[in-house]
Amino acid sequence: MTRVTITTKKSSHANKFGKLIFDDGTVLDGMGFGYSTTVFGEIVFNTGMVGYPETLTDPSYSGQILTLTYPLVGNYGVPDPTIKDEDGISKFFESDRIQVRGLVVHELSETASHWNMAMTLDEWLYNEKIPGISGIDTRELTKKLRNSGVMMAALVVSDTEIDVEQVKKELASAPHYNSEKFMDTVSTKQEEVYGSDEKSVVVIDTGAKNAILRNIRKLGYKVIKLPWNASIEKILSYNPKGVVISNGPGDPLNCPDTIDTAKKLIEKNVPTLGICLGAQIIGLAGNTETYKLKYGHRGQNKPCVNLDNNQVYVTSQNHGYGIDPDSLKDSEFNLWFKNADDKTVEGIKHKTQNCIAVQFHPEAAPGPYDCKFVFEELKHLMGEEKAAKE
Amino acid sequence: MYLLPVNPQYVESVVEKERPDGIMLAYGGQTALNCGVKLEELGILQKYGIKVLGTQIPGIQRTEDRQLFKDSMGQCGVPVLKSKTVKNFDDAKKIAEELGYPVIIRVAYTLGGRGGGVAYNEIELHEIVERGLKASLVGQVLIEEYIGHWKQIEYEVMQDYDGNNVIVCNMENVLAMKVHTGDNIVVAPSQTIDNHEYHMLRSAALRATKHVGIVGECNIQYALEPNSDRYVAIEINPRLSRSSALASKATGYPLAYMSAKIGLGYNLSELVNRITKSTTACFEPSLDYIVCKHPRWDFSKFELVNRKLGPTMKSVGEVMGIGRNFEESFQKAIRMLDIGNDGLVLNRTNGGNLNEEQLEEKLSHPDDQILYNVARAIKAGFSVERINNLSAIDPWFIEKIKNIVKIEHKLSNEELGKPLLWEAKKHGFSDKQIARAKDKTPDEVRKIRKDFGIVPAVKQIDTLAAEWPAVTNYLYLTYGGTSHDVKIDPGEKGILVLGAGPYRIGSSVEFDWGTVNMVWGLQENGEKNVSVVNCNPETVSTDYDICTRLYFEELTQERILDITEFENPKGVITCVGGQTANNLTPGLAKHNINILGTSAIDVDRAEDRSKFSAELDKLHIQQPRWQAFSNLNEAKNFAQEVEFPVIVRPSYVLSGAAMKVVWSQEELKTYVKEATDVSPDHPVVISKFMLNSLEVDVDGVSNGKEVIIGAIVEHIDSAGVHSGDAMMCIPPWRLNNKTIETITEYTTKIATTFNVKGPFNLQFLVHDNHVYVIELNIRASRSMPFVSKLVKTNLIALAAKAILDKPLPDIPKNKWQKIHNYGIKVPQFSFMQLEGADIALGVEMQSTGEAACFGNSFYDALSKGLTSVGYNLPETGAALVTVGGAQNKEKLLQSIALLKNLGFKIFATEHTAEFFEEKIGEIEVVHKISEPERKPNIADLLYERKINFIINIPSTSTLEKYVGMLEDEYQIRRKSLELGVPVLTTIELADSFVKTLEWLKNNKTTIEPIEPYDPF
């Protein structure tokens, strides 16, 4: 039996100086890897056990330093970022670059092996100029964030000793995550078109993951990706069957243009699906309120109940803001999905119009595929199923 | 609760009596599942209107029947391997040629992959297919493409009646598909597959289990090609399995408990996560650690056994190491095995060197040393790529082993500074390993380490990676962390109970029963804070809801000291965890840990043969002649003087390890050396082995003043068969009253002399009505649950009182004699899985489990016991008798005559036939397997199923197998075993077996529930 050898690679930028400095003064020592630099951002954690290439390229992580609770990271390396699918969408990544500001892990796998890998995690971070730190008690860190809530932090990776006091000063004056405007950096500047089907769906890009595009393509529609502030006229000029407002980073209130567009989409009864940030935007457009969660929901194991049939689904999530459940009763929406653990709002349906939204990620990547049916729901809203039957 | 064989006849009789509404089939392993399917096929479930709770019978059949399984997977879009089910060799050959060799043969409806194998050519195919067809309950085997180098990934699925389903855990097998998952080194979660592969397999698992209709828990096993994302589903186990037990302990998600609730009709989202007590059970645990399951094989207890690992499971137990990286959990797991190794490297012996060719061979055909051989190969300069190519082990795991080897090298060559020490500890090196590299004592390393402030952190297993606050008491220790998850109130002084570690030959669930009952006993006596240390995922003692805090940890001195430093308990209990825990007593005592129960000094007086013997002399109690030696010549002289046979053993070791009956000078030389290896600090003891004597066990409890005898237990086999392998009976049926009185008196004297505080076990030899003491074990014994349940006195609950210095209740001295029931304990052997192992019994224990049955007569109990461990008790048929030695033949005469009277046809080999024919008339002569041309031949009769059982008594004594293997007898035993024909290898067993058959002609076995313990 002769076999193809599995690709194996070794890290070359690991074991540098690394420190994690919190705005409450806590300093954690670790080993730096990836790119030597200092970054500031909101530090959050994700409990998913696989999927770091997808997670790190998710635009929703813009402005954040990400801690992975699974202690061994980098085991299977990173695939080739240049590989695209037949529509020209990146095959293995959720956007064209690493979106997190920095990465915190317990142990970096300095050697990686997998048939589909092109480089190590360390190498990838280095190439994209992102710092990473290993050797951190990530469980302790997670407990800290769970107890005190997410906070601003600095991640420093350096080839030389780190001046903590200096970094602390810089951290104090760094822009706060809550007030950062991300749309200019995560949203597309002009329209992008994927596929050539006759019927189309517009995706309003507030930081859209590629998996959303892939899923719509799979439904059989051309995808037109438009900037976050595209006007309703612009959107309707494509004569789309439906609209998706995507996931993305930050406070939904920082996307007033999109909220405005969403209002008009509802008004005109254009079939619309909101995902994650998109759900919050739709919520705000229909009179709900949003709030910031203490430490967010980030992971791949979150149970959500579909109130239509009481089925429970395991979902992939990544959000720091949510729709205030109390604000629902005076809004235009009914509750659709509820988090089975903390009862937070995970999905809403418009009382009269063709508009639905989910707080979790039906497109997966990373995470379970159990909620792909949400895209089928959109298809249903677009009247396509009925049409097909007739 | 009934102690009865799990087969359709007995289950029906219970059903008839109890008239239950429902039956659960998923909790008693393959035995219960098969029985359930049979009950359905026989119409018994329908007859009594019993509902199956959980996965329904058609669902079970869709997973168990190979063809149905394949069809179902096809229907739900889950790929399977190209394969075909066949019912005869000719078809098998055709398929194998189509698929191309090698092919794997799998057997439908068996336990632990029994009877399957890989065939590289037609000859092997023939052998495996013939064996498999006979082992299969439905006479089917499956021939399929061999994919040994593919990754082996498993998912544990929970699903309710409404179709809600979740994956509780996934696992990856380090030794790929090559090795049965039961024998594989397994990590959870998977380490080498990416998001796409993880979720592709996850979705397929949910799809497949929904399609076949699983309700409750199941395990699905995949093979995943290492060079692509091509995968196939191998099998679904529609029941709780070893893997589910492992998954439960790996995640903290109690699969069996949840599955039972689901069986009753609860919906997953209605159930609460038992760890957080606030979140739902309908979720998927997120781990922030890695567990490593390592099997324990115990091949060394069997001669001639083939140590190669493959599709047939051979291990007898397992452990689970928990850590924050692979190196740590893996090296922890090695120590947990309690096989004398302190980790992967830097062990007491390095096991010898192998040349390049040998290494290649060992890497391609893994045995129980496989990862040690990977380490050797790395040291010999093999590249990761080459090792991967030979072994199919993923490069990621090989790299981790390489890390361990690198650190070993550093430890041996660099100064032991703080960074190096931290690095070593983080990668799972024990103080002992480090001490060995640095030529220091483990205590010195411990001191250096603590001076540097390098101590392990106590972390929780909380099912959700710290995302929610969890009140869980399920803990492990790791050097991959800087702070503890839990705090111990300094005023809170608890008790630490040490468990028994992995199941092994000689120590199985009995000691876990002891551990759990000790915890309960302490709690009942007002101890609020009782914690447990154990590392065996198959046990109840590692259920986190049993005790105050569960440390899923190593039972090593280093780790127990770490835990006692953290817990600061008022004492540690080492007397219920069998050999592993008991052996820690002296070391812990030396470190000023308070041992609760019998003092370490008294334990030492009992374990040290010389001291023990001196005490007995003072009490005027006899022992077989013995002497301690550290020099071979003296030993030889002694043996000559008392005459062979003699028993040789280390003076300080439990459970008969390295205990041998020796018949010649030559053997003596070999075994003195072997015994010295096992216990180098203690000299060897040689004692006279008395042939033709009875062995008796006494289980009891004492508080140093009062002594309560649980029961006197008589071995049915004559002395020399290890007490763990022997059939045992309460009450004794061949001892006279005077002997019983003597034993009672000796027991009381000995227990008080040794200030026993807690459980103890005494072994006696009765020879010509003289009572000799063999040994005193100051700890819970293997037979204690059996005794406790029959006599309705929970000995461990009593022991808890004794340990806490509470007065013992007033239990009449002869309570056990007033029990009207008979209880018989029968050992369960697993020789079938151990290719090449011989089934003739000897002084070193070989059984892997046991069954105990009660009845109102000796034969009532015995027939149930024999049925339980798999003996078929035929009403008519034929027996093959081959007996070595005139004395044995004489002894068996009555039984053979009785057998003939019962209408059984008797086959016998020439000499045996000659002897019996003369005395009892017609016997049919058959010829030896080694003379295949002479007909009728034993081999043919066996294959044609013309023999119902075999009485095969080896010449002069079972013990002579150590003198030289009697090839033909071995062949008979081996062949019959492979074909599932019972073989009786001792005269006592043969006699009882035949008398049981006689009894069954005129009697029916009783069906009575066991009674609860008497309160005291």
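**View 1. The open sheet of chain B, with seven strands.** In this predicted model, chain B has an open sheet whose seven strands line up as β14-β15-β18-β17-β16-β19-β20. The pairing in this sheet is mixed. Look to the edges for β14 (457–460) and β20 (595–596) of chain B: each has a single partner strand, so one side of each has no neighbour in the sheet.

**View 2. Two parallel strands and a helix in chain B.** Here we zoom in on β16 (residues 495–498) and β17 (residues 530–534) of chain B, which run parallel and are joined by four bridges. To find your way, start at B:Ile495: its bridge partner in β17(B) is B:Val530. Helix α19 (residues 509–524) of chain B packs on this sheet, where it touches β16, β17 and β19 (571–573) of chain B. The direction of α19 makes about 170° with that of β17(B).

**View 3. The open sheet of chain A, with 10 strands.** Over in chain A, an open sheet of 10 strands follows the order β12-β14-β13-β15-β16-β21-β20-β19-β17-β18, again with mixed pairing. Its edge strands are β12 (192–194) and β18 (311–323) of chain A, and each of them pairs on one side only. Going from one strand to the next, the twist averages 25°.

**View 4. An antiparallel pair and a helix in chain A.** Strands β19 (residues 333–339) and β20 (residues 345–350) of chain A pair in the antiparallel sense, over five bridges. A handy landmark is A:Phe333, which stands opposite A:His350 in β20(A). Helix α9 (residues 277–285) of chain A packs on the sheet and touches a whole list of strands, including β15 (242–245), β16 (272–275), β17 (290–306) and β21 (355–358) of chain A. Both strands of the pair, β19 and β20 of chain A, are on that list too. The direction of α9 makes about 120° with that of β16(A).

**View 5. Where the two domains of chain A meet.** The domain assignment splits chain A into domain 1 (8–177) and domain 2 (183–389). Their C-alpha centres lie 27 Å apart, and 26 residues of domain 1 of chain A are in contact with 29 residues of domain 2 of chain A. On the domain 1 side, β4 (38–46), α1 (52–56) and α3 (138–148) of chain A each supply at least two of the touching residues. The largest share, three residues, comes from β4(A). What kinds of residues make up this side of domain 1 of chain A? Nine are nonpolar, 12 are polar and five are charged.

Note on methods. Residues are numbered from 1 along each chain as its sequence is written. Chains are lettered from A and ligands numbered from 1 in the order in which they are written. This is a predicted model: local features need pLDDT of at least 70, side-chain atom pairs count only at pLDDT 80 or more; totals for chains, interfaces and linings use all residues. Domain bounds come from an automatic or database domain assignment. Two residues are in contact if their C-beta atoms, placed from the backbone, lie within 7 Å. Ala, Val, Leu, Ile, Met, Phe, Trp, Tyr, Cys and Pro count as nonpolar, Asp, Glu, Lys and Arg as charged, and the others, Gly among them, as polar. Two strands pair if DSSP finds at least two bridges between them. Axes are lines fitted to C-alpha atoms, for helices over the stretch in contact, and angles run from 0 to 180 degrees between N-to-C directions.
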